[in-house]
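Me: I'd like a close look at one part of this protein, the surroundings of the ligand. Could you walk me through that spot and then work outwards to the rest of the fold?

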Amino acid sequence: MDAPIFDPEAFRLTPQEAALTEQARRFGEEILAPRAARWDREASFPTENYRDMHRAGLLGICIPAEDGGAGAGFRAYCMAAAELGRYCGATALTWNMHVCSTLWTGALTEGLELDPATRAEHHRRRRLHYDRILRDGAIYSQPFSEGGAAAAGTVAFGTTARRVDGGYLVNGKKIFASLAGHADYYGILCTEDHGERLSRRDTLYLAVPAQAPGVSVVGDWDPLGMRGTVSRNLLFKDVFVPEDAALMPPGLYFQAASRWPHMFLTLSPTYMGIAQAALDFTIKYLRGEWPGTPPVKRRMYPTKQIAVAQMKVTLEQTKALWFQAITDAGPDPTKDQILRAWAAQHSAMENANTLCALALRTCGGQAMLKSLPLERMYRDSRCGSLMLPWTAELCLDRIGREALYEKEETDE
Ligand SMILES: Cc1cc2nc3c(=O)[nH]c(=O)nc-3n(C[C@H](O)[C@H](O)[C@H](O)COP(=O)(O)OP(=O)(O)OC[C@H]3O[C@@H](n4cnc5c(N)ncnc54)[C@H](O)[C@@H]3O)c2cc1C
């Protein structure tokens, strides 16, 4: 079995973190890795993986223990997701969308302000969602992007929810909706429409049943990488959802996005795992030990040794920064912690691709054949920097501005 990305003793993991990351690593190596090429080739959704994740309790990893889940906190989840991403990027990335519907409504809300009655009602409602996941293996997705500025967090979502008797009527469109056609519930961000100008403060987080009348999946899906995510577009036309579809009470998402910014770091674990996988592959390949390839050793060439050393340096830098950032996560981080979170996101996303490119150059022509996983990892790794709201560009943009300006400061 592969060694852990974050050695429990060296990184002083809690017993729960050590156990969950070991479970994820074992699951990734035994179940995900042998199937990963198929989802990529077919651009098909890894349904079998989800059935197995349900059986293994992984769909409920972040559901609080008192509600029957594994009760993982933010850091435990991130490290477990990195272990899955090491073996199948598309499964880990879609699992992230699913798990966030439980993490964001679970552990993350505990440090946020809610009056006792609203919190009690939130606990009752989220339990309905948690029960579906634990009992029926229900899969949730997270379609936020709309092709405009909303997913970057600058304007209100154009998808709207208007209050009607007993619930809401939802209208709008989401693009790049991973798990489209395969999730049981689409956990959409939309704006409550009061008949005035839409405001980000009125963001609602609603679980729309995939089978509800008025929901449709459109467009094709034939991308460069992360092909198994099946991120097609979703249309909502007068879709009725009951009040209990609310994954968060009104106003809570806006509070979370403002006070718990590390919630947006959750797209990076998959790519942390791919970064590790690029080095794992290179070492095995150069030692002549990759299964199914001739036992030709290439490790004796100084150029290979230097490239592997460069990869190890980049990987360890990325791991150290990322580990600190996932440890920092919590409500009301300091400015330095927020800047570090952006730096960690940027590093995980960009370095995953840098490492895959170095791995390809170093291992050589035979290593880019589709019979080996490296070329898939290379394509998958390119997608990380594109993911809103913290794309690699936006991370740099924000780090530069926030490092140079204090709040409200201008040059006037
Ligand atoms: C494999 C994959 C799976 C995905 N799954 C999901 C999903 O499940 N749910 C979901 O909601 N989204 C998902 N996305 C979508 C993703 O987060 C982006 O929303 C999507 O890639 C946006 O593409 P775009 O070309 O429309 O970006 P645009 O909005 O056109 O932006 C292009 C680039 O411009 C920059 N930019 C954007 N806004 C600003 C700004 N205000 N200021 C400065 N620069 C800016 C960013 O760097 C961005 O990358 C997925 C994307 C990929 C690649």
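Reply: A quick definition before the ligand site: Ala, Val, Leu, Ile, Met, Phe, Trp, Tyr, Cys and Pro count as nonpolar, Asp, Glu, Lys and Arg as charged, and the others, Gly among them, as polar. Also keep in mind that this is a predicted model.

With those classes, the shell around the ligand comes out as 14 nonpolar, eight polar and two charged residues. Which residues come nearest? Out of the 24 around the ligand, they are Ser145, Phe176, Ser178, Thr391 and Glu393. As for secondary structure, strand E3 (167-177) and helix H12 (392-404) each put at least two residues into the shell. H12 is the top contributor, giving three.

Where does the ligand sit relative to the domains? Residues of the shell come from both domain 2 (160-249) and domain 3 (260-404), so the ligand lies between these two. The full domain assignment also has a domain 1, covering 15-139.

Just ahead of H12 there's a backbone detail to check. The peptide bond running from Leu388 to Pro389 is cis, and its omega is near 5°. Pro389 belongs to the loop between H11 and H12. For context, most residues other than glycine have a negative phi, and most peptide bonds are trans. The phi half of that has its own exception here: Arg12, not a glycine, has a positive phi of about 50°. You'll find Arg12 in the segment before H1.

On the other side of that Pro389 loop is H11, so let's look at what H11 packs on, given that two packed helices are described by the angle between their axes and the distance between the axes. Helix H11 (residues 374-382) pairs with helix H8 (residues 269-286) at an angle of about 150°, and the axes are 10 Å apart. H8 is therefore roughly antiparallel to H11, the cut-off for that label being over 145 degrees. The crossing of these two is left-handed. On the H8 side the contact uses Tyr271, Ile274, Ala277, Ala278 and Phe281, while H11 brings Leu374, Met377, Asp380 and Ser381. Sorted by class, the residues of this contact are seven nonpolar, one polar and one charged.

Another helix pair to look at is helix H9 (residues 302-328) with helix H10 (residues 335-363). Their axes come within 9 Å and cross at roughly 155°, so H9 is roughly antiparallel to H10. H9 passes H10 in a left-handed crossing. The contact between H9 and H10 holds 13 nonpolar, nine polar and three charged residues.

Now for domain 1. Its centre and that of domain 2, taken over C-alpha atoms, are separated by 20 Å. The contact between them takes 25 residues from domain 1 and 20 residues from domain 2. Which elements give two or more residues to the side of domain 1 that touches domain 2? They are helix H1 (15-42), helix H4 (89-103) and helix H6 (116-136). That side of domain 1 splits into eleven nonpolar, ten polar and four charged residues.

H4 has a packing partner as well, helix H3 (residues 74-85). The angle between H3 and H4 is about 160° and their axes are 8 Å apart, so H3 and H4 are roughly antiparallel to each other. The crossing of H3 with H4 is right-handed. Phe74, Tyr77, Ala81, Leu84 and Gly85 of H3 meet Gly89, Thr91, Ala92, Trp95, Asn96, Val99 and Leu103 of H4. By class, that contact has eight nonpolar, four polar and no charged residues.

Back to your ligand, then: the residues to pull up in your viewer are Ser145, Phe176, Ser178, Thr391 and Glu393, with E3 and H12 among the elements that line the shell.

Terms used. Residues numbered from 1 in each chain as written. Predicted model: local features only at pLDDT ≥ 70, side-chain atom pairs only at ≥ 80, totals over all residues. Axes fitted to C-alpha atoms, helices over the stretch in contact; angles between N-to-C directions. Helix = DSSP H or I, 4+ residues; strand = E, 2+ residues; numbered from the N terminus. Parallel < 35°, antiparallel > 145°, perpendicular 65-115°, else oblique. Left-handed = near helix turned anticlockwise from the far one by under 90°. Contact = placed C-beta atoms within 7 Å. Near = placed C-beta within 6 Å. Domains from an automatic or database assignment.
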